[in-house]
Amino acid sequence: MKRILAKCYIWLLLAVLYAPIVFIAVFSFTESKVLGNWTGFSTKLYSNLFTGTMQGTGSLMLAIKNTLVIALIAATVSTLLGTIAAIGIHNMRGKGKQAMTFLNNIPMLNPDIITGVSLFLLFVFLHISQGYLTVVLAHITFCTPYVVLNVLPKLTQMNPNIYEAALDLGATPFQALRKVLLPLLKPGMISGFIMAFTMSLDDFAVTFFTRGTIGLDTLSTYIYTDARKGGLTPELRPLITLMFVGILILLIVINIRQIRNSSNDEE
Amino acid sequence: MKNKDYIIEFRNISKSFGEKCILDDISFYVKKGEFITLLGPSGCGKTTLLRLLGGFGNPDKGEILINGENITDIPAHQRPVNTVFQRYALFPHLDVYENIAFGLKLQKVPTDEIDKRVRKVLKMVSMTDYEDRDVESLSGGQQQRVAIARAIVNQPKVLLLDEPLAALDLKMRKDMQIELKEMHRKLGITFIYVTHDQEEALTLSDTIVVMNEGKIQQIGTPTDIYNEPQNSFVADFIGESNILNGKMVRDKLVEFVGHEFECVDEGFGENVDVDVVVRPEDIYIMNRTEGAQFTGKVKSCTFKGVHYEMFVDTESGYELMIQDYNAFEPEAEVGLIIRPADIQVMKKERTCNTFEAEIVDENHVKFFDETFECKPQDKFAAGEKVKVEVKFQKVELIDHPEEGMLSGEVHFLLYKGDHYHLTVKTDEGYHIWVDTNDIWDKGDLVGINIAPKDIKIVKCDD
């Protein structure tokens, strides 16, 4: 009895968690303009999305392109910055190290809206005209701590003498970094990159506050604007479904990688 | 001064981390081709000294010379030394061959020569056929061999080894010791070895540098260090020993455990307090008491494999450790003899506690930032700088640190046959030496009290 109850609980929990996305996915296969109205199975919305016959295709495609380009730049730059920062934090001692780790964690817990508003105010204060550049800068800002978070454990696990061993064998500090440190940090950097990439894709609040008034849209701001203008365009339902499936595949890949890595360690 | 026989010279090296002084004015030299061991308990500064030589960290003061050339400011990767690190520090992303070839590739050695040299060192450490193995799939002993191969393939002038065998099991360690010694002979280069294992140091070294608390305690050959320790720390740290308070009556005559013994030491003066060391295997024990220098009663007898280890209470109230091939039953009356050459007499480092102090008023004196009551006196005025002397046995230790005038931690213990001689480190980092019959353990937190009548105020020398 107890086990049945426990099982029911977990299924109920999963149902609540996944109901909204399942709902959208199901209704992406019907033509109805209004969400929640089943008018028979159809893949028309999908074909509209890809053939570009929907209303406002151009701006949607631009928004998708912007989202991906911004995420790619932000993830790349923050992986670079975050790795260097992690190495620096790792080499600090005592209270300074604790303080830096703490400071690194705050932006991740800080509500996006606060990050967004404060960046907006900063850019205004510095007289930086807002647009593409400010959005990219803002994304780098909130992505970097996630990279640090992923790289730091790799450094802690590493034998503390490894870097010194490379110097000892005649490597200059730069060669030691390139030939020994970076290869060992690579797994952490890759998961940091993926995390930064998804964080950037996902962001709405920060983008909204830092994009300025030049009409720059990412997917999230596009959907938001679209939904406010008389309801969600039906073709966005298949888009959302496809994105969810994409993220799902990415997560499965990451998990398989992690399982494979940990079983390697055990050997 | 440049001496051609010296490959390395340490000159007045000091190093602190924050408040803590790790190395305190270390100076010594290493002869070319020597196997020299830095030996001491953990935290004595031996690893720090080795790291300074490897180029990891700079001394606060002093300089390091290799072949007469000052290398203090030369970065690690340009020094003609290679290190075998504790826990090996192999590169896990490279296989055995690439690990060993790492240094040679950086030097742009031609590929076929790299190949030749890597194979040669692999043969030397008996790891032929392991080239393609993943280093993490190797056992501890094998990883250690690769780490040694990776260092010696670069043909350094000096090989530094930082507790390289510490992570291996006993049997493996013994085998590797023999191999290291053999390797040293074959290569003919200088080995600087760091360990806390005194047996390992005695087995391997040409010269041992015993260190404690950032200072060199003694430098000498293994036999010198074992047979003629220069202070009670060395005597206690190297091998088993009976360390006792004694008095040099005159040249070649020393008194301890209530008897006078002939010895070979001279030049201490007459009626001078000294420390006496007698190794447990150097006390002759026999069943009859006639012809013995002194007598005792066996308290316990334990079989230790090669010999028996016995604790004997002498009739004068001292406990001695004795090792002998024959067993003597507990409660047996035994006769004891110590030969003159087996008695090692050492100058006492100190005969009482001496602290720098300042007079507060006629019956208060301040030292260690604390005001103590003392016997009323009118010789010194308030504010005057003086010295305070307190006898070892007059310092009282209590269980509860908060109930003492000072609080501290038991830092070092020495059994002296009938009492313990403790070094207590106060929370402020000062040392106080205490003689006590109570049993304390290293690391015990204690309160420290000194009765007013036991504080003796003397004039400052200067």
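This briefing describes the fold of chain A, its contact with chain B, and selected helix and sheet features of chain B. The model is predicted. Chain A contains eleven helices and zero strands, and an automatic or database assignment divides this chain into two domains. Chain B contributes 19 residues to its contact with chain A, and an open antiparallel sheet of five strands is found in chain B.

**Chain A: overall fold**

- The succession of elements from the N terminus of chain A is α-α-α-α-α-α-α-α-α-α-α.
- Along the principal axes, the C-alpha atoms of chain A occupy a box of roughly 70 × 65 × 35 Å.
- Chain A has 267 residues, of which 30% count as buried.
- Among contacts in chain A with a separation of 6 or more, 76% link residues 24 or more positions apart.

**Chain A: domains**

- Domain 1 of chain A is assembled from the segments 20–31, 39–52 and 238–267, whereas domain 2 covers 55–233.
- The centres of domain 1 and domain 2 of chain A, taken over C-alpha atoms, lie 24 Å apart.
- Five residues from domain 1 of chain A and five residues from domain 2 of chain A take part in the contact between them.
- On the domain 1 side of this contact, three residues are nonpolar, two are polar and none is charged.

**Contact between chains A and B**

- The 19 contacting residues of chain B meet 16 residues of chain A.
- In chain B, strand S6 (81–84) and helix H2 (96–106) each provide at least two residues of the side that touches chain A.
- H2(B) gives the largest share of that side, three residues.
- The side of chain B that touches chain A comprises eight nonpolar, nine polar and two charged residues.

**Chain B: helix H5**

- Helix H5 of chain B has 18 residues (170–187), so at 1.5 Å a residue it should span 26 Å; the distance of 25 Å between its end C-alpha atoms agrees with this.
- Gly188(B), just after H5(B), adopts a positive phi of about 70°.

**Chain B: five-stranded sheet**

- The strand order in the open sheet of chain B is S23-S22-S21-S24-S30, with antiparallel pairing.
- Strands S23 (370–373) and S30 (456–459) of chain B each have a single partner strand and stand at the edges, so one side of each lacks a neighbour in the sheet.
- With direction ignored, neighbouring strands of this sheet are turned by 45° against each other on average.
- Within chain B, the antiparallel strands S21 (residues 353–361) and S24 (residues 385–390) are joined by six bridges.
- Asn353(B) lies opposite Val390(B) in S24(B).

Technical notes: Residues numbered from 1 in each chain as written. Chains lettered and ligands numbered in written order. Predicted model: local features only at pLDDT ≥ 70, side-chain atom pairs only at ≥ 80, totals over all residues. Contact = placed C-beta atoms within 7 Å. Helix = DSSP H or I, 4+ residues; strand = E, 2+ residues; numbered from the N terminus. Nonpolar A, V, L, I, M, F, W, Y, C, P; charged D, E, K, R; others polar. Expected span 1.5 Å × (residues − 1). Pairing = 2+ DSSP bridges. Axes fitted to C-alpha atoms, helices over the stretch in contact; angles between N-to-C directions. Buried ≥ 20, exposed ≤ 12 C-beta atoms within 10 Å, placed from the backbone.
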